[in-house]
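Trainee: Before we use words such as buried, exposed or core for this model, I would like to see what stands behind them.
Mentor: Then ask about the terms, and we will hold each value against its cut-off.

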Amino acid sequence: MENEKKSLMRETVNMAWPSVLESVFVVFAGMVDTYMIAPMGQYAVAAVGLTGQPKYFTLSVFFSVNIAISALVARRKGEQKREQANALFLTGLMYVLVLGALLSILCVVFAENIIVFCGGNSDTTAAAVSYFRIIMGCMMFNIISLYINAAQKGSGRTKIAMYTNVTSNIVNIFCNYLLIDGHLGFPALGIQGAAIATVIGTVIACFMSIISVFKKDSYIYLPYIIKEHIRPAMEEITVLAKMGLNFLGEMLMTRVGFMATAILTAKLGTDPYAAHQVGMNFLNIGFAFGDGMQIAAVALVGRSLGEKNIDKAKEYAKITQKVGLVISLCLSAVFAFLGKPLFGLFFKQEHMMAMGVMICIFIAVIMPIQICKIINSGVLRGAGDVKFTLFQSVFSITLVQPLSTWLLMMYLKLGLTGVWGSILLTQFLQCVLLGGRYLSNKWTTKKI
């Protein structure tokens with residue numbers, strides 16, 4: 001029994017570490033983006049921050065499909081139904097291509113209206129609109145790469161996403177160096193240069209992801225689809241839609257809550273919003289570690305339930321939580337003791353540093369709560385318990401977070417402290433709800 005547990009631990013770690021590294025590197029690259037833009041002034045940091053919520057709100061449509069395809073491929077692999085897994089992949093791909101083209105056009109056309117709605121003011125709107133149009137006008141490359149990577153993760157090939165994203169972000173950082181301030185003969189394009197650098201990185205990632213489905217060792221294999229004459233079928237559309245729509249509802253409602261919080265925070269002014277944006281980048285480090293473990297949980301739990309091995313699924317869930325706890329405590333210590341020097345990388349003014357230290361104290365407390373709830377969410381998603389994850393997101397993020405932000409920030413006049421107090425409250429509430437569902441074991445009986 002002890003040897004079996006060690007074997008499961010090794011398998012979990014082997015599947016999780018590429019996803020963790022990928023997620024952390026993506027966040028790190030985003031922080032480097034902010035660091036390289038910061039010398040332009042607080043307005044630049046705030047402007048790029050303004051594009052975050054509408055960008056992720058739009059991408060939520062595709063994230064929902066990605067989570068669904070990952071969970072379904074994992075389950076079909078456990079059931080040894082390769083043809084169905086590939087049919088599901090092809091069905092989802094048709095969906096993301098058509099919808100991606102439509103949403104990309106709409107974002108470019110209505111960019112200014114979107115940014116103003118999200119809290120853009122006189123010193124941030126023009127820069128934010130320029131950045132947003134470039135990113136969203138070329139988002140198809142990002143959408144395709146993320147979708148293929150999600151299917152590969154479901155089959156257990158988590159290294160594909162790691163290779164593509166690490167490469168993409170290295171290219172992004174190098175192109176930032178060339179295009180933001182202008183080096184090696186390239187023009188200094190400022191915020192537009194940062195956007196172009198991001199697009200170049202996603203183009204590279206897209207081609208790497210496409211190449212992966214042509215490799216013979218790939219469970220999702222395009223030549224196999226062609227050889228077996230696999231076509232999208234109503235059965236696959238129904239299965240994908242049933243699961244994807246629940247994820248879509250969760251993602252969109254979550255983004256509504258995040259966007260409402262961002263709009264309220266923007267009312268505090270450019271400096272507090274810039275500090276908040278850097279703080280969210282730091283908080284995303286915890287999300288990245290949790291998300292990496294969540295990806296492993298989705299694939300391993302989904303596959304085990306497909307094999308009808310509930311005890312194995314439970315063991316994988318416990319292992320991911322134990323690893324996540326160790327990681328979260330280490331991160332908490334870093335932010336508790338190094339808040340000032342970390343914020344000093346981005347700002348030099350004393351009032352910005354003071355806001356940064358306050359934010360880092362909140363992050364240190366939030367980190368274990370956040371990683372725990374993300375991993376529990378992954379276990380439930382891998383099992384197909386998507387209605388509950390939708391419920392808890394709508395209740396916590398869409399309803400409680402904006403309301404508590406308004407009460408603490410505006411009514412009690414706690415300003416930025418109130419914003420982060422609301423984030424802490426919401427994360428704790430989600431952790432309790434998801435933890436309770438996990439302990440109930442109802443997720444072990446779901447069929448997808």
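Mentor: What follows is a set of questions about a predicted model.

Trainee: Why is leucine 184 called exposed?
Mentor: Exposed requires over 50% relative accessible area. Leucine 184 has 65%, so it counts as exposed. This residue lies in the loop between α7 (158-179) and α8.

Trainee: What is the phi of leucine 184?
Mentor: Its phi is near 55°, a positive value in a residue other than glycine. Most residues other than glycine have a negative phi.

Trainee: Which residue in the loop between α14 and α15 has a positive phi although it is not a glycine?
Mentor: Lysine 413, with a phi of about 60°. Its relative accessible area is 69%, so lysine 413 is exposed as well.

Trainee: Why is leucine 414 called partly exposed?
Mentor: Partly exposed covers the range between the buried limit of 20% and the exposed limit of 50%. Leucine 414 is at 42%, and therefore falls in that range. Leucine 414 is in the loop between α14 (386-411) and α15 (415-440).

Trainee: What makes the nonpolar surface patch that includes Leu414?
Mentor: Patch residues need over 30% relative accessible area. Leu414 has 42%, so it passes that cut-off. The other members are Leu403, Trp406, Leu407, Met410, Tyr411 and Leu412, and the patch is about 700 Å².

Trainee: How do you know that α6 is largely enclosed by the rest of the structure?
Mentor: Buried means under 20% relative accessible area. In α6, 12 of the 16 residues are buried, so the helix is largely enclosed. Among them are Met139, Ile143, Ile144 and Tyr147.

Trainee: How do you know that the reach of α6 is close to the expected one?
Mentor: The expected span is 1.5 Å times one less than the number of residues. For the 16 residues of α6 that gives 22 Å, and the helix reaches 23 Å from its first C-alpha to its last. Just after α6, glycine 156 takes a positive phi of about 100°.

Trainee: What does the buried side of α5 pack against?
Mentor: The buried residues of α5 pack against α2 (42-78), α3 (82-109), α4 (111-117), α6 and α8 (191-212). Tyr131, Phe132 and Ile135 are among the buried residues.

Trainee: Which residues have the most contacts inside the largest nonpolar core?
Mentor: Phe62, Phe89 and Ile220, in a core of 59 residues. The largest share, 14 residues, comes from α2. A second, separate core has 54 residues, including Phe362 and Met409.

Trainee: What does phenylalanine 62 touch?
Mentor: Contact means heavy atoms within 4.5 Å. Not counting residues up to four places away in sequence, phenylalanine 62 touches Val96, Leu99, Gly100, Leu103, Met139 and Ile143.

Note on methods. Residues numbered from 1 in each chain as written. Predicted model: local features only at pLDDT ≥ 70, side-chain atom pairs only at ≥ 80, totals over all residues. Heavy atoms only, no water. Helix = DSSP H or I, 4+ residues; strand = E, 2+ residues; numbered from the N terminus. Buried < 20%, exposed > 50% of the residue type's maximum accessible area, 1.4 Å probe, protein only. Patch = residues over 30% accessible without salt bridge, like charges linked within 9 Å, V, L, I, M, F, W, Y side chains within 5 Å. Areas by Shrake-Rupley, 256 points an atom, 1.4 Å probe, with all protein chains shown as cover. Salt bridge = Lys/Arg side-chain N within 4 Å of Asp/Glu carboxyl O. Core = buried A, V, L, I, M, F, W, Y, C linked by side-chain atoms within 4.5 Å.
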